[in-house]
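Welcome! Here is a short briefing for someone meeting this structure for the first time. Have the sequence and the 3D view at hand as you read.

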Amino acid sequence: MSHASRTAPRICPLCEATCGLTLTIEGTTVTGARGDRDDIFSRGFICPKGASFGGLDADPDRLRVPLVRGEDGELREASWDEAFDRIAARIPALAEAHGPQAVGVVLGNPNVHTMAGSLYPPLLLAALRTRNVFTASTLDQMPKHVSSGLLFGDANAIPVPDLDRTDHLLLIGANPLESNGSLCTAPDFPGRLRALRRRGSTLTVIDPRRTRTARLADRHVAIRPGADALLLAAMAHVLLEEKLTDPGALAEHLEGADELAVALADFTPDAVAAACDVDAATITALARELAAAPTAAVYGRIGSCTVEHGTLASWLVDVLNILTGNLDRPGGALFPLSATARAPRAAAPGAPGKGFALGRWTSRVSGHPEAKGELPTAALAEEIETPGEGRIRALIVLAANPVLSAPDGDRLDAALAGHLDFMVSVDPYLNETSRHADVVLPPPPPSQSAHFDFAFNSFAVHNQVRYTRAPIPLEDGRMDESEIHARLILAVSGMHGAPPSAVDDLAIATAITKAGAPEELADELTGRSGPERRLDLMLRLGPYGLTLERLLAHPHGIDLGPLKPRVPEILRTRSGRIELLPAPIAADLPRLRRALDDRPAPLVLVGRRHLRSNNSWMHNVVSLSGGSNVCTLQVHPDDAARLGLVDGATVRIESAGGGIEAPAEITDTVRSGVVSLPHGWGHSRPGTRMSVAAAHPGANVNQLLDGTLLDPLSGTAVLNAIPVTVTPSP
C-alpha cells in the first residue's frame with residue numbers, strides 16, 4: 001500500500017547547531033531530510049548528520065520495548081508496566097536501606113538534545129536527594145561553567161562570540177568546521193566563518209592540528225598541546241604590561257584588575273615560549289592584534305578545556321575579552337537571552353548575588369570536590385566498587401555511555417557488572433553501558449518526539465526561538481520520552497502508579513510560586529501535553545512574554561534580534577561585580593607557574609572531532625560510517641619515520657592508563673610530537689546490539705587513561721596532552 005508523501009519541519013537534535021530541517025515523510029517513515037530554507041536561524045543549512053536523520057530514525061537496532069533482566073541473568077522484552085514495577089520495587093528500597101547516596105545518577109550528552117532530557121532530570125535528582133551525580137560535563141565543558149561561575153557568579157552565564165559582527169575572531173582548541181560549534185550555537189558555522197573572512201575580518205586559530213578550521217584561518221598557531229593557559233596568560237600579560245587594556249563600559253563593573261596584573265607578572269611571552277613551543281614574538285603579536293581590532297572575540301572549546309589547566313584557560317579566554325573591552329559589546333562576546341530564560345532579578349542590576357561556590361561536598365572515596373553540583377565522572381567506578389557507607393549500589397543512567405566516554409572503561413565495565421545491586425538505563429540502544437542494566441527504557445526515535453532547545457538557545461549567536469511538534473505520531477507500543485521520565489520519577493519517589501501528569505502539574509505549580517505569579521496562570525496554559533504546558537509557562541514568564549500559541553503560529557521560528565549587552569544584569573557574584581581574580585583561580589595559578597619548567601613528553605596524544613559523528617552515539621548509522629569518519633591514529637611523517645610506522649598499519653599506543661591498537665594515518669595535518677585519535681570509539685564489547693558500530697569498532701582512546709589526572713577546579717578528566725608511546729604492532 002503506497003502512502004502520499006508529505007513534508008514537515010523538525011529541528012535537528014544531532015548537534016549543538018540546532019539547524020531547521022524539512023523532513024519528507026511517507027506514511028510513518030522519514031524518507032528524506034533537507035535544510036529548511038525558511039528557518040529563521042539556519043536558513044537552509046544542513047550537515048551530513050542532519051541529512052542522515054531518516055537513517056538514524058529508522059535504525060533497526062533501536063530498542064522498541066523495555067528490557068528487563070530475568071532470573072537467568074538475561075535481558076528480555078517486557079511491558080512498560082513490568083519495567084516500572086521493577087524500578088519501583090528496587091530503587092526506593094535500596095535508598096531506604098542504605099541512604100540516598102546509595103543511588104547514583106549519570107547524565108549523558110544526548111539529554112540536552114531532547115525536551116525530556118532537559119525538563120525532567122532536575123526533578124529526578126530532587127526526588128532522589130542524592131549528591132552522587134555524574135554528567136558528561138566533567139568530560140568536556142565543566143571548566144567553562146566553573147570559570148563563568150567564578151567570574152560572573154552564574155555558572156550558566158557563558159558569553160558567546162558575536163560571529164556575524166566581529167572584526168577579529170581568535171579560536172583556541174576549537175574546530176567548528178567539524179564540530180559545528182560547542183557552547184556556541186551557530187547553524188552554518190563554516191559559512192559564518194567564510195563570511196567573516198569575506199568582510200575583511202581576521203580569523204586566528206590556535207591548535208596543534210591543521211584542522212579544516214585552521215586551514216581557513218589568516219594565522220594558524222600550532223601550539224604544544226596542554227599549553228593553552230600559558231599562552232593566554234602571556235597574551236594577557238602583554239596587554240597589561242603595554243597598557244593596551246581598555247575595558248570600556250565594563251570598567252565600573254570590574255573588581256580585581258590591579259591584583260590580576262600582579263598575578264600574571266611571571267607569564268611573559270619569553271617565559272612561556274618554550275613550554276608553548278610558540279615564539280615570544282608571535283605571542284606578543286597575537287595580543288597586540290587582539291587589542292588593535294575594532295571589535296574582537298576570543299573563543300575556546302574542548303581542546304582548551306580537557307587539559308590539566310582547563311579552568312584557567314577558560315577563565316583567561318574571558319579575561320582577554322574583558323581587558324580588550326570586547327566582553328558584552330556587539331562584535332565581541334555577549335550573553336544570549338533565550339525566550340525561556342529566568343525572570344529578571346528582583347534586586348537592582350549589580351546588587352550582590354548568591355555567588356558561586358566550589359567544593360560544597362566531596363566524593364566519598366577520593367575526596368573530589370563537587371563543581372556545579374556534580375562529581376567527576378572519572379570517579380564513578382571507585383564510588384561503585386569501594387566498600388563502605390555511601391557506596392553507590394543503584395545507578396540510573398540517562399542517555400549516557402560512560403564505558404566508552406569516561407576514562408578507564410574496563411574498570412567501569414567491571415564495576416557495573418560486579419558491584420551494583422540494580423541499574424536502570426534510559427537509552428534507545430543496548431550499548432556498552434546499558435547492557436549492564438536490569439531495566440532498559442527506550443525512548444522513541446526523534447521523528448516521534450517534539451523538540452525545543454532549552455539549553456542551546458542560551459548559547460545561540462542570535463536570539464531566536466523555535467519549536468516543532470512530533471511530525472510522526474507515536475508508534476504502537478512506544479512511550480513518549482517525557483512520560484518515561486515522569487514515570488521514572490514517580491517510581492523512585494514512592495508515587496508509583498500516580499498519573500505522569502502529576503509530575504508536570506507539580507513542576508508548574510512550583511515554577512509559578514517561585515516566580516511570584518498568580519496561581520490562576522496554570523489554568524491559562526495551553527498545550528497537548530505536560531511538557532507543552534511547561535514550555536508555555538516558561539515562555540510566558542520569560543523575557544519576551546511569548547506564548548506557546550504564538551510560537552506554534554511560526555513553524556520556522558521567531559527572530560528575537562541580535563545579541564545585546566547584558567552586564568550588569570547577568571551578574572550574580574557576592575560583590576555584584578565581575579571578579580577578575582577569584583580566590584580559587586588565584587590559588588591555582590602557582591600550579592600553572594610550575595608548568596613553565598615542565599619538560600614536554602616526546603609524544604603526546606590529543607583527540608579530534610569528526611563531522612559525521614557526535615561522541616559515541618552515531619556510529620550505528622550506515623550513512624555516517626566510513627569515509628573520513630574512521631578511528632585512526634594520526635601521526636606526523638617525521639614521527640612516523642622516527643618510530644618506524646607505516647601508513648595503514650596497526651600500531652600500539654600505550655600510556656600510564658593502558659594500551660590500545662589502531663591503524664596509523666600518516667599526515668602532516670598534525671604537528672610533530674603529537675598524535676591524534678578520535679573520541680567515542682571502541683564498540684567491541686560483547687552483549688551489545690549495535691551491528692553497524694560493532695562491524696567497525698575502532699579503539700577506545702579513553703582506555704589510555706586511568707582517571708586520576710583531573711583539572712582540580714572543575715573535576716574534568718584530562719583527555720588531551722597525554723604522554724604516550726607508539727610502536728608498530730607485532
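Where does Arg 435 lie? Arg 435 sits in the loop between β16 (422-426) and β17 (439-441). Please keep in mind that this is a predicted model. The points below start with the whole protein and then visit one helix and several loop residues.

**The protein as a whole**

- The protein has 26 helices and 29 strands.
- Its radius of gyration is 25 Å, which agrees with the value near 27 Å for a compact globule of 730 residues.
- Along the principal axes, the C-alpha atoms fill a box of roughly 65 × 65 × 60 Å.
- Of the 730 residues, 61% count as buried.
- Take the contacts between residues at least 6 apart in sequence: 73% of them join residues at least 24 apart.
- The accessible surface comes to about 26400 Å², and 51% of that belongs to carbon and sulfur atoms.
- There are 68 positive and 84 negative side chains, and the centres of these two sets lie 2 Å apart.

**Helix α6, a covered helix**

- Helix α6 (residues 142-152) is mostly covered, with 11 of its 11 residues buried.
- Among the buried residues of α6 are Lys 144, His 145 and Phe 152.
- What covers them includes the helices α14 (302-305), α15 (310-323) and α24 (583-595).
- The cover also includes the strands β20 (578-579), β26 (710-711) and β27 (716-717).
- Gly 153, just after α6, takes a positive phi of about 85 degrees.

**Thr 573 and its loop**

- Thr 573 lies in the loop between β19 (558-561) and β20.
- Thr 573 counts as buried because its relative accessibility is 2%, under the 20% limit.
- Leaving aside neighbours within four places in sequence, Thr 573 is in contact with several residues, including Leu 150, Leu 151, Phe 152 and Gly 153. Leu 150, Leu 151 and Phe 152 are buried residues of α6.
- Other contacts of Thr 573 include Ala 351, Pro 352, Gly 353, Gly 355 and Glu 579.
- The side chain of Thr 573 reaches the backbone oxygen of Arg 577 at 2.6 Å.
- Thr 573 and Pro 531 are 42 residues apart along the chain, and their C-alpha atoms are separated by 32 Å.
- Pro 568 also lies in the loop between β19 and β20, and the peptide bond from Val 567 to Pro 568 is cis, with omega near 15 degrees.

**Arg 435, a buried charged residue**

- Is Arg 435 buried or exposed? Arg 435 is buried, with a relative accessible area of 15%.
- Its side chain makes a polar contact with the side chain of Asp 413, at 2.8 Å.
- Not counting residues up to four places away in sequence, Arg 435 touches Asp 413 and others, including Arg 69, Leu 75, Leu 430 and Arg 685.
- Pro 686, Gly 687 and Thr 688 are also among the residues that Arg 435 touches.

**Two more buried loop residues**

- Thr 377 lies in the loop between β14 (333-334) and α16 (380-385), and is buried with a relative accessible area of 3%.
- The side chain of Thr 377 reaches the backbone oxygen of Thr 135 at 2.7 Å.
- Neighbours within four places aside, the contacts of Thr 377 include Phe 134, Thr 138, Leu 139 and Ala 406.
- Asn 175 is found in the loop between β9 (168-172) and α7 (176-179), and is buried with a relative accessible area of 9%.
- The C-alpha atoms of Asn 175 and Thr 213 are separated by 5.5 Å, with these positions 38 residues apart along the chain counted as their spacing.
- Residues up to four places away aside, Asn 175 touches Arg 209, Thr 211, Arg 212 and Thr 213.

**Backbone angles to look at**

- Most residues other than glycine have a negative phi, and most peptide bonds are trans.
- Leu 183 is not a glycine, yet has a positive phi of about 50 degrees.
- Leu 183 is placed in the loop between α7 and α8 (189-198), and counts as buried at 3% relative accessibility.
- Ala 399 also has a positive phi, near 50 degrees.
- Ala 399 is found in the loop between β15 (394-398) and α17 (402-405), and is buried with a relative accessible area of 18%.

How values were computed: Residues are numbered from 1 along each chain as its sequence is written. This is a predicted model: local features need pLDDT of at least 70, side-chain atom pairs count only at pLDDT 80 or more; totals for chains, interfaces and linings use all residues. Side-chain values use heavy atoms; hydrogens and water are left out. Helices (H or I, at least four residues) and strands (E, at least two) are DSSP runs, numbered from the N terminus. Buried means under 20% relative accessible area, exposed over 50%, partly exposed in between (1.4 Å probe, protein chains only). A polar contact is a pair of N or O atoms within 3.5 Å; within protein, one must be able to donate a hydrogen and the other to accept it, and residues adjacent in sequence count only if both atoms are side-chain atoms. Contact means heavy atoms within 4.5 Å. The radius of gyration is taken over C-alpha atoms; the globule rule is 2.2 Å times the number of residues to the power 0.38. Accessible areas come from the Shrake-Rupley method with a 1.4 Å probe; for residues, only the protein chains shown count as cover. Lys and Arg count as positive and Asp and Glu as negative; His and the chain ends are not counted. The place of a charge is taken as NZ of Lys, CZ of Arg, CG of Asp or CD of Glu.
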